[in-house]
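Hello,

Here is the structure for your files. My notes follow below it.

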Amino acid sequence: MTKDTLRNTKIPTTDPQAGLKLTEIFYSLQGEALTAGLPTIFIRLTGCPLRCHYCDTTYSFSGGERWGLDDIMTHIAQYPCWRVCVTGGEPLAQPNAIALMHKLIQSGYEVSLETAGALSVANVPPLVSKVMDLKSPSSGEADKNLWENLAHLTLHDQIKIVIANRTDYEWAKNIITKHALDDKVGTIWLSPMFNIQENTSHAPKLATDLAEWILKDALPVRFGLQLHKIIWADAKGK
């Protein structure tokens with residue numbers, strides 16, 4: 001399917017009047033994945049069915065304001081950028097997130113989706129780069145991983161696994177081998193749990209340990225730090 005075909009596809013909506021509930025829209029540097037460091041517009045949707053122990057955006061679980069899809073498009077047009085990240089919370093918990101992604105693509109934006117991997121990605125437009133988590137044991141939500149999602153990933157997509165300890169690392173290593181993840185996606189990220197404000201002594205050691213484990217095992221992954229946390233810690237809208 002060509003880009004022109006995709007951009008001419010009818011936009012599906014569960015309820016065109018419902019729009020989406022958003023926590024925030026902001027313009028910043030992408031902090032992780034392959035576009036790290038690039039200026040990006042972030043559309044953060046409200047709500048998430050998971051409660052990961054290491055979540056750093058708990059403020060997006062509730063509240064938010066209802067936005068129409070056209071209102072979102074009008075708002076983001078003010079930014080000097082054609083790169084958009086749809087994030088959360090969990091964007092796919094709101095059905096009209098799919099409609100938003102179609103609308104963004106048809107308007108010429110380069111779109112990525114950050115998703116927790118617990119809800120189906122089957123209907124995400126092919127031009128969207130899916131950055132999908134696999135929840136490690138320390139998240140407390142590893143039983144929510146929807147393994148069927150792996151069949152809908154391509155080399156255009158990425159997988160991210162947050163590592164909090166050696167148990168998480170061994171789990172990740174086993175999952176990568178068991179599901180041949182390096183053949184399914186373009187990039188697998190292992191990222192140390194990293195909270196600059198609350199865990200200053202532990203975070204650097206964990207990062208160093210993880211780097212050493214990856215090198216020792218020659219694991220086919222990329223080591224990832226959250227650039228935005230290094231710059232702005234846990235500030236909202238950054």
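Where does UniProt place the feature "binding site"? The unreviewed entry puts it at Cys48, Cys52 and Cys55. Keep in mind that the model is predicted.

**The annotated cysteines**

Start with Cys48. It sits in the loop between strand E2 (39-45) and strand E3 (65-67). Cys55 also has its place in the loop between E2 and E3.

Are Cys48 and Cys55 buried or exposed? Cys48 has a relative accessible area of 17%. Buried means under 20%, so Cys48 counts as buried. Cys55 comes out at 27% relative accessibility, so this residue is partly exposed.

Leaving aside residues up to four places away in sequence, Cys48 touches Phe61, Gly89 and Glu90.

**The cores**

The largest nonpolar core holds 49 residues. Which of them touch the most other members? They are Ile43, Ile76, Met101, Leu104 and Leu190. Helix H3 (residues 96-106) gives the most to this core, with 7 residues.

Leu190 has a long contact list, again without residues up to four places away in sequence. Among its partners are Ile161, Ile163, Tyr169, Ala172, Leu210 and Ile214. Leu219, Val221, Arg222, Phe223 and Gly224 are also on the list.

Another core, of 8 residues, lies apart from the largest one. Its members include Leu50, Cys52, Tyr54 and Val162. Cys52 is thus a core member and also one of the positions in the UniProt "binding site" feature.

Best wishes

Methods
Residues numbered from 1 in each chain as written. Predicted model: local features only at pLDDT ≥ 70, side-chain atom pairs only at ≥ 80, totals over all residues. Heavy atoms only, no water. UniProt positions renumbered as here; feature names shortened; annotations may be inferred. Helix = DSSP H or I, 4+ residues; strand = E, 2+ residues; numbered from the N terminus. Buried < 20%, exposed > 50% of the residue type's maximum accessible area, 1.4 Å probe, protein only. Contact = heavy atoms within 4.5 Å. Core = buried A, V, L, I, M, F, W, Y, C linked by side-chain atoms within 4.5 Å.
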